[in-house]
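The following exercises ask you to read positions, contacts and helix packing from a structure. Work through each task before turning to its solution.

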Amino acid sequence: MTIKMIASDMDGTFLTAYDDYNRRRFERVLNQLEARQVKFVAASGRQVKNLQELFEPTITKGYEINFVGSNGALVATPNEQLYSVYLSPTQLQQVIEWNAHNPESAENIIIMAGEKATYVSNHAVGPVAQMVFQFYPNVTRVEKLLAVEDHILEMTFVWPNNEVQQHVDELRKIFGNELHATGSGFGSVDILGKGVDKATGLQVLQDYYAISDHEVMTFGDNVNDLEMLQKYEHAYVMPNADQFMLEAISKRAVNTNVNDGVLQTIEDYFGF
């Protein structure tokens, strides 16, 4: 069976550490994939701009990477943006009002990922605020989030890692089918438009390139990868994933993220 597209999550999956990957090995793999006309997709909760910056050393050498960013809210080929889903002003207000009345959100930081920039409150301080500047492009501090004039792809809250799933479940109960809530690792809980996830983002690329589900290979480690791991036959969960992910997905990558597990699995599958 021919694989024509490979999509990988980034943090905890493809990346060996913060913003780090084995460039030489990745470029060797890309050479082999491009010779076989296989597309590579970075599918992440990160924004596309951040992903483009992350892979700039590889892209500048002429390698092509496709992007499913903001957990599926924005999709781009190496040359153009194909798709985007934004939160409406009403949806933004609903989420912010919910957060204001949630006792467990007292110390929370709200991150709004927009088309022009990433926005946080002027009052955001501490380690989480510093993390925002590391992982998000063009961070702008504002007095009032609802006064921001931009198209917003997603909103993110940060809680302790062991609390993420309970908040995801709570948000899904509250907003039902109006919005999509998912965990993205590092304690992040993302709020997206209705029906937005990495699988729907990948489908946009599949339609663009005329690629069927059985021709797609995916890798992930967290709940925001679940839809794209459950949809495809050739789906691999990382050995370093949480137990609930290991129970949900049957296939395992051959090694952990810190040991280039995605690249090693690709090499083994194709016999590079």
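Helices and strands are here DSSP runs, a helix having at least four residues and a strand at least two, and they are numbered from the N terminus. The model is a predicted one.

**Exercise 1.** Locate Q91, decide whether Q91 is buried or exposed, and find what Q91 touches.

Solution. Begin with the secondary structure: Q91 belongs to helix α5, which covers residues 89–100. Next take the accessibility, for which the cut-off for buried is under 20% relative accessible area; Q91 has a value of 18%, and therefore Q91 counts as buried. Then list the contacts, where, once residues up to four places away in sequence are set aside, Q91 touches Y86, E178 and L179. With E178 there is a polar approach as well, since a polar atom of the Q91 side chain lies 3.3 Å from the backbone oxygen of E178.

**Exercise 2.** Describe how α5 packs against α7, and state which residues meet.

Solution. Two packed helices are described by the angle between their axes and the distance between the axes. For α5 and α7, the latter being residues 164–175, the angle is about 125 degrees and the axes are 12 Å apart. This angle makes α5 oblique to α7, and the crossing of the two helices is right-handed. The residues that meet are Q94, V95 and W98 from α5, and E170, L171, I174 and F175 from α7. Sorted by class, this contact comprises five nonpolar residues, one polar residue and one charged residue.

**Exercise 3.** Carry out the corresponding analysis for α2 and α11, and then place N31.

Solution. The axes of α2 and α11 come within 10 Å and cross at roughly 35 degrees, and the crossing is left-handed. On the α2 side the contact is made by R25, F26, V29 and L33, which meet L263, Q264, I266, E267 and F270 of α11. By class, the contact of α2 with α11 has six nonpolar, one polar and two charged residues. Turning to N31, this residue lies in α2, which spans residues 23–35, and at 42% relative accessibility N31 counts as partly exposed. Its side chain is joined to that of Y63 by a polar contact of 3.2 Å. As a check on separation in space, N31 and G45 are 14 residues apart along the chain, with 26 Å between their C-alpha atoms.

**Exercise 4.** Characterise T118 and its link to Q47.

Solution. T118 lies in strand β7, residues 118–121, and is buried, with a relative accessible area of 0%. Although T118 and Q47 are 71 residues apart along the chain, their C-alpha atoms are separated by 9.3 Å, and a polar contact of 2.7 Å joins their side chains. Beyond four places in sequence, T118 touches Q47, I111, M112, V132, Y136, P137, N138, V139 and T140.

**Exercise 5.** Determine the surroundings of M238 and of N66.

Solution. M238 is found in the loop between β13 (234–237) and α10 (243–248), and its relative accessible area of 0% makes M238 buried. Leaving aside neighbours within four places in sequence, the contacts of M238 include G12, T13, G220, D221, L246 and A253, as well as N255, T256 and N257. The C-alpha atoms of M238 and G12 are separated by 8.0 Å, while the two residues are 226 residues apart along the chain. N66, in turn, lies in strand β3 and counts as buried at 2% relative accessibility. Among the residues that N66 touches are K39, F40, V41 and A42, together with A76, T77 and P78. From N66 to N222 the C-alpha distance is 20 Å, and the sequence separation is 156 residues.

**Exercise 6.** Which phi angle does S70 have, and which does D260 have?

Solution. S70 has a positive phi of about 50 degrees although this residue is not a glycine; S70 is placed in the loop between β3 (66–69) and β4 (74–76) and is buried at 1% relative accessible area. D260, likewise not a glycine, has a positive phi of about 60 degrees. D260 lies in the loop between α10 and α11 (261–270), and with a relative accessible area of 11% D260 is buried.

Methods:
Residues numbered from 1 in each chain as written. Predicted model: local features only at pLDDT ≥ 70, side-chain atom pairs only at ≥ 80, totals over all residues. Heavy atoms only, no water. Buried < 20%, exposed > 50% of the residue type's maximum accessible area, 1.4 Å probe, protein only. Polar contact = N/O pair within 3.5 Å; in protein donor to acceptor, adjacent residues only side chain to side chain. Contact = heavy atoms within 4.5 Å. Axes fitted to C-alpha atoms, helices over the stretch in contact; angles between N-to-C directions. Parallel < 35°, antiparallel > 145°, perpendicular 65-115°, else oblique. Left-handed = near helix turned anticlockwise from the far one by under 90°. Nonpolar A, V, L, I, M, F, W, Y, C, P; charged D, E, K, R; others polar.
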